[in-house]
Amino acid sequence: MLGLIIARLKTTIPSILGVIIVTFLLTRVLPGDTAAYFAGPAATPQAIAEIRGKLGLDQPLPVQFVSYVSALVKGDLGQSLTTGQPVTADLAQRLPASAELTLFGLLISMAIALPLGVLAAVRQGSWIDHLCRIVATAGVSLPVFFTGLLLVYVFYFILGWAPAPLGRLDVFFSEPPRVTGFLLVDSVIARDPETFRAALSQILLPALTLAIFSLAPITRMTRASMLAVLGADFVRTARASGLSSRTVIGTYAFRNAMLPVVTTLGMVFSFLLGANVLVEKVFAWPGVGSYAVEALIASDYAPIQGFVLTMAILYVALNLAIDILYGVIDPRVRLEG
Amino acid sequence: MAITRRAAIAGGLAAPFVMRQGASAQAPSRSETLLLVQEYGPNSLDMQGIGSSQPVNGVALNCYDRLLRFKPVPIPGGGGHQVAMGELEGELAESWQLASDGMSCTFKLRDAKFHSGRPVTAKDVKWSLDRACTIGGFATTQMNAGSLEKPEQFVVVDDKTFRVDFVRKDKMTLPNLAVTIPFVFDSELAIQNSGGDPHAKEYLKNNIAGSGAYKVESWKPGVETIYARNDAWACGKLPQLRRIIARDIASPATRRALMERGDADVSYGLPPKDFKDLLDAGKVNVVGVPIPNGVWGCYLNTQVGPFKDVRLRQAVAWVMPYEKILQASLFGRGVDMSGGTTPKVAWPQPFPYKTDVAKAKALVDAAGGPFTTTLYFDAGNATVAEPMAVLIKESLAAIGITVEINKVPGANFRTEIAKKTNPMVLNRFAGWLDYPDYYLFWTMHGNNSIFNIAAYQNPALDKLVDAARFASDKAAYDANVVDFIKLVNAEVPMVPINQPTHDVALQKSIGGYQFQPCREPDFRYLTKV
């Protein structure tokens, strides 16, 4: 197992290097002048030049790259100009917020999508299959900011059931002592039920928004792979042996259908983590997506590079985790590894 | 008892509801706290520092004191107070006296204390003003705008007496001491923590070292800033609000919902349509102040491209759909800039043009007929500028000018206007110091600052603007202003479209709104019932 992990990690080194070079070059190639933007209103050309010098942007590209990489080796991702803080500190602050939201949304999504997909496959052509199709189509065709605003409008504005969309916690709560950065987990560790409830009520709507969006790929993938498995020989054999339909579907078919579903889950997770910018904007969620987009608008290089790099590393880690999970689900994969 | 899997899960799920012993949260009450929702918050706590964003002005305003401040005067339509340029009152200064030759001003300091408990001395004032003049970037530019140019001008007379020597007589020197740049730091605290940097940039970026009415209790960039009242504030009436929470809520729709539901107390920076709707619905108060010295204008390049021809610039001024733009892009939240009669000593003021297609068409025909050009604007202003651009395109089509619209992303906009080659640019500029000559100095003077987007060069105008800027008596000043207004009326390097209002939505329970030229909320005057 350890050998497998090391071998896998080795193969990722070139892609990480590639990501470093490409993001560095891309941010430099993008139009826009960071120095002019940050010189602020009424800046003189001298002031802009001064800032350019301060940021090291007047150096030739190779020199900039060397100083970037040497800082990177020391774990320094540079300074964000939009927040004025080191990028590492910003990401450490914001990544848990995004991860918590995405994971929670994915859990909700799985809780709905997996049973729905399985049922749709088992009762192919029935009303539940049609429901599955409608849910999936609707979920994927509604843009997330629309679903988000709609949920805010209905549950907060009209009904008043949801709390004000003010971010991770209501303003009159203070964050629990930081352990994992996940407020739901940290408040449990701190045994603070009120904060837990406050955090839960804040995360519910944005997580639901993400869940609605991610329902489609998970449901469809579950249904398709269940259908394939249900038609396989071993299921027929199991049925012929007189096993109950519950055992056949739950134990034999579902486990075998999980492989493609887990792959999809991994893809959906990493996609959502970076792409839930709009949800973050609507719910004032202090996550990495909106952070990166704001930096992009301001031509603020360091946060963009830091974001892309972090995402690349997360993606690698996630793929590794999924590979390991394959082995748990299907021993044949483990043997091949 | 054996720990089964089921028991462990049940225990885990129940854990959050098991009350922690003796640590019940002491939440501060909502009535002493103000919740402000804004699009984005400060990126630094030091407004003098390079690259500070617009909301940092609010930090400077509320957490630091200046020698002088603008005196509040009632907003004519009601709803609170604004400022009048010439009227100042002491903030850190107890009194001030202009020298008989008019070439220096002596300030007597109050017995004020920094948040650290140390008394404010003239030495701190000098350190801070020296810093603003030498740190570079925007702070230095702004100081220079009021003829505050070098450290030698700032003199410590004794602990409680401070003198500013003038390099020239400039009516903007004293008002410029009241803007959000020349505020006073606790110089000892700053130097102690500077790590050798004479400007203590890194420390002051992340820490407040001031004497102002509020302290920063917590600052999470991009998330929220929490201010707590400084109960020992000596430079004015103690503010009523003990605590201010400023949350960054990027989505304007969310901010509006928060206001309408009554969960947020104050919101800045909504789109004009939302302000109009809120005003019409009547559930919350909307206070609008026409931005002093601010105007949306269409800059026409006078050096390259078709608008070198003054007739075409006038044609654009004649065909501009002023009224339609005011309604469709600002939803009435502004003042029309068309149909002026006699030039006044004021800025902005309506130019003598109004929508008259026949006149415009005749001018275009005389100048050689139809052509195609491009109109640029900053995508960051798209909410207002996009409908404006579309309406302009539609109107210009009627006189044979085909307009392509180019929406430039924020980071590129500065680069784009610095080129000074764009034929038409929509932009809003507002100077902090409300003088006509100040506005023209930035936007039409031969010094060719970045905001002279039309690249207008006219020695006659420069002469009038410079003369007005340093005019010693009012009659000469007024004559110069009227003359340069007449000149730009005819030359139109920029077609003024409208003067937008600066709107703020406040719950009915919030009083004491104070507009400041920096356009950031001033918590010191706000009240809540």
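**In the hairpin close-up, Q97(B) faces its opposite number T106(B) in β5(B).** What you see is a predicted model, in which local features need pLDDT of at least 70, side-chain atom pairs count only at pLDDT 80 or more, and totals for chains, interfaces and linings use all residues. Residue numbers start from 1 along each chain as its sequence is written, while chains are lettered from A and ligands numbered from 1 in the order in which they are written. Helices (H or I, at least four residues) and strands (E, at least two) are DSSP runs, numbered from the N terminus. Strand β4 (residues 93–98) and strand β5 (residues 104–109) of chain B run antiparallel, joined by five bridges; two strands count as paired if DSSP finds at least two bridges between them. Five residues sit between β4(B) and β5(B) in this hairpin, and G102(B) in the turn has a positive phi of about 70°.

**Zooming out a little, the hairpin strands belong to an open antiparallel sheet of four strands, ordered β4-β5-β7-β6 in chain B.** β4 and β6 (154–158) of chain B are at the edges with a single partner strand each, so one side of each has no neighbour in the sheet. Ignoring direction, neighbouring strands are turned by 20° against each other on average. Further in, β5(B) and strand β7 (residues 161–165) of chain B run antiparallel with five bridges between them, and S104(B) has D165(B) of β7(B) as its bridge partner. Helix α3 (residues 122–134) of chain B packs on this sheet, touching β5, β6 and β7 of chain B, and its direction makes about 175° with that of β6(B). Here, axes are lines fitted to C-alpha atoms (for helices, over the stretch in contact), and angles run from 0 to 180 degrees between N-to-C directions. Being in contact takes C-beta atoms, placed from the backbone, that lie within 7 Å.

**Another stretch of chain B shows parallel pairing around strand β1 (residues 33–38), where five of six residues are buried.** A residue is buried if 20 or more other C-beta atoms lie within 10 Å of its own, exposed if 12 or fewer, and partly exposed in between, with C-beta atoms placed from the backbone. β1(B) runs parallel to β10(B), with six bridges joining them, and Q38(B) stands opposite D248(B) of β10(B). β1(B) also pairs in the parallel sense with strand β11 (residues 266–268) of chain B, over two bridges. In that pairing, L36(B) stands opposite V266(B) of β11(B).

**Two loops of chain B have backbone details to look for: a cis peptide bond from W347(B) to P348(B) and a positive phi at S147(B).** The cis bond has omega near -5°, and P348(B) is in the loop between β14 (334–336) and α12 (357–366) of chain B. S147(B) has a phi near 55°, positive although the residue is not a glycine. The loop that holds S147(B) runs between α4 and β6 of chain B. With 19 C-beta neighbours inside 10 Å, S147(B) counts as partly exposed.

**Over in chain A, which has 15 helices and zero strands, A284(A) is another non-glycine residue with a positive phi.** Its phi is near 50°, and it lies in the loop between α12 (277–282) and α13 (288–297) of chain A. A284(A) is buried, with 25 other C-beta atoms within 10 Å. S15(A), by contrast, is exposed, with 12 other C-beta atoms within 10 Å, and lies in helix α1 (residues 2–29) of chain A. The C-alpha atoms of S15(A) and I313(A) are separated by 9.6 Å, though the two are 298 residues apart along the chain.

**The last view is where the chains meet, with 46 residues from chain B and 49 residues from chain A in the contact.** On the chain B side, α4 (137–145), β10 (243–248), α8 (252–260) and α14 (410–419) each supply at least two residues. The largest share, six residues, comes from α14(B). By class, this side of chain B has 24 nonpolar, 14 polar and eight charged residues. Nonpolar here covers Ala, Val, Leu, Ile, Met, Phe, Trp, Tyr, Cys and Pro; charged covers Asp, Glu, Lys and Arg; and the others, Gly among them, are polar.

Methods: Contact = placed C-beta atoms within 7 Å.
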